[in-house]
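Trainee: Could you pick one part of this fold and take me through it slowly? I'd like to see how its strands sit together, and then hear about the ions and charged pairs elsewhere.

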Amino acid sequence: MERVWWKEAVIYQVYVRSFMDSNGDGVGDIPGLISRLDYLKELGIDVIWLNPVYKSPNDDNGYDISDYRDIMDEFGTMADWEKLLAECHHRGIKIIMDLVVNHSSDEHSWFLESRKSKESPYRDYYIWRPGREENGVRRPPNNWESLFSGSAWEYDERCGEYYLHLFSRKQPDLNWDSPRLREEIFEMMAWWLDKGIDGFRMDAVHLMQKPAGFPDAAGKPTHRDGYVYDEKLYSHNPGLHRIFHEMNTRVLSKYDCMTVAEMNMTTPEMASDYVAPEREELNMIFHFEICSLPRYTKERKRIRTLNSIQDRWYRATWGKGWNSQFFNNHDLPRQVSVWGDDDRFRVESAKLLGTYLHTMPGSPYIYQGEEIGMTNYPFKSMGEINDVALKNQWAKCAAEGESEEHFLKRNLKWTRENGRTPMQWDATENGGFTSGSPWLKVNPNYKEINVQAARRDENSVFHYYKRLISLRKSHPVMVYGDYRLLTPRSRKIVAYTRNLEGTSLLVMLNFSGTPLSVRLPRSLRKTQGSLLLSNYGEENSPVKTRLRPWEAAVFMLVKN
Ligand code: TEU
Ligand code: CA
């Protein structure tokens, strides 16, 4: 397998708005991030993925961009950003930027021009369609529901047409069928790469190519308004591969950069067509099969399903492309609250999850705060929620008579707002995130869970992550070793080996709060080995099969 830096890299995601506020306005910013780069260096990560920092009216926290070549006022200036890049590179840290080009903001100059008239040279940068009439009533061009609730079409009085927005109405979809639009985006990408960035995380790109003819979605409406949500219909349409190939050959291939494409609805069977190097498209994908599993699968089936998903992805990508590993990000609740036990075994289970992500095949992505075991927020009312997606959904449900209590019960554990509360730096007010009043409340557990406390405590999640990252650097088997699952039938134990040129690792994880034994296959029962890493902290232990609650143990095996 070809060795490249982005396969070896540990990537750290920074949601700037919630990372560190430098000027007391309650909003994280670029100077704040710069002030914490030494912390990230100490952790040992290689790449920072910056959530969008471009000019934006912030209808969707920066995912609605009004100028792709400028920085959001609240976050700082272009000079601040340039300093950030220099300070990162100076420390040997790379930066990848969020590329949000399925849609722009409705305040982008392209859209302002586009909506002026049907003859505007920018008209075809977006997707405009006449409505249809039903019983004398004007209706949108089709029945699509937006990913953020309500019709995916918005009527525009000026020309009497609708524009498409798969997300909020302030996020009109760009028209990738327009050669001029494609050209603009490619130029913009090259402009950032020329500035020196090291790649892109590509936002919701499975949706870039719309289905020909914009057919109605089949299936049941989500709400009484009658719109039908069918992400499968909106995704992976013919033409998408051509876009990536063009993007790659025209722009990406000219730089030593990495790409990771966020693409819900991607199956392992589709994956290699996107990530096989000879296809010249992408480097890796964030697929949603694992992160959406806990919400939609029964608890007792969770681990077996996790294993089978990983197995399918491994077979589909190993030796043919590359994969990514993550349990949380800014669109998801905190991993220790979902996959671990954020109460009795917070520290143990946070370490176990980290062990898994860093020893599975694929590049690990750490989401800010994960490395100190930050947890979900105890939200009590919709009044505390900022997120446009959840607010829109609540408006629909409230109108249909659902009580707030019931709605919260269904959604709070899963809302992405949990992942967006500010980073907890120390035990001072607001966790040291801001001297002002934070844009979103800091989790009240900041007095106990914070960076300063974690750094002081040798047994903290933070020190364990440091160790994981450094082991990954000194043991190529953790990156390039092949993977074999040993426990396909177990409900709570995950054990596997990684092998590379005579070096073997054995990883054993107990995803439960009760002690359990691992049944190793016969071939491994007499194996000798030494403990490389354990979340219970001991040093020299022979291979053992009894695991304590949430115990994670990694052994280096000795060939007999
Ligand atoms: O998320 C996209 C996204 O979440 C969808 O692709 C996904 O398929 C869907 O939510 C699941 O049903 C990205 C960003 O990560 C997110 O923060 C933005 O709000 C969104 O795009 C719009 O830019
Ligand atoms: Ca600020």
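Mentor: Sure. Two strands count as paired if DSSP finds at least two bridges between them. Keep in mind that you're looking at a predicted model. With that rule in hand, let's park ourselves at strand E10, residues 161-164.

On one side, E10 pairs with strand E9 (residues 153-156) in the antiparallel sense, over four bridges. One spot to click on is Glu-154, whose bridge partner in E10 is Tyr-163. E9 and E10 form a hairpin with four residues between them. In that turn, Gly-160 has a positive phi of about 65 degrees. E10 also pairs with strand E6 (residues 128-129), again in the antiparallel sense, here over two bridges. Arg-129 stands opposite Tyr-162 of E10.

Now the side chains. In a regular strand they alternate between the two faces of the sheet. E10 reads that way: Glu-161 and Tyr-163 point one way, while Tyr-162 and Leu-164 point the other. All four of these residues are buried.

Next, the ion. The calcium ion (ligand 2) is coordinated by Asp-21 (OD), Asn-23 (OD1), Asp-25 (OD), Val-27 (O) and Asp-29 (OD), at 2.2 to 2.3 Å. Along the sequence these donor residues follow the spacing D-x1-N-x1-D-x1-V-x1-D. Accessibility differs along that run: Asp-25 is partly exposed, with a relative accessible area of 37%, whereas Asp-29, at 2%, counts as buried because the cut-off is under 20%.

Then the charged pairs. The structure holds 39 salt bridges, so here are some to look up. Asp-98 and Arg-201 meet through their side chains at 2.8 Å, N to O. That pair links distant parts of the chain, with Asp-98 in strand E5 (residues 94-99) and Arg-201 in strand E11 (residues 199-202), 103 residues apart. Both Asp-98 and Arg-201 are buried.

Lys-55 and Asp-73 form another salt bridge, at 3.1 Å, N to O. Lys-55 lies in strand E3 (residues 54-55) and Asp-73 in the loop between strand E4 (67-71) and helix H4 (78-90), 18 residues apart. Lys-55 is partly exposed at 22% relative accessible area, while Asp-73 is exposed at 62%.

Finally, there's a network of salt bridges that links Asp-60, Asp-331, Asp-387, Arg-416 and Arg-420.

Methods. Residues numbered from 1 in each chain as written. Chains lettered and ligands numbered in written order. Predicted model: local features only at pLDDT ≥ 70, side-chain atom pairs only at ≥ 80, totals over all residues. Heavy atoms only, no water. Buried < 20%, exposed > 50% of the residue type's maximum accessible area, 1.4 Å probe, protein only. Donors = N, O, S within 2.8 Å, 3.2 Å for Na, K, Ca; no water. Salt bridge = Lys/Arg side-chain N within 4 Å of Asp/Glu carboxyl O.
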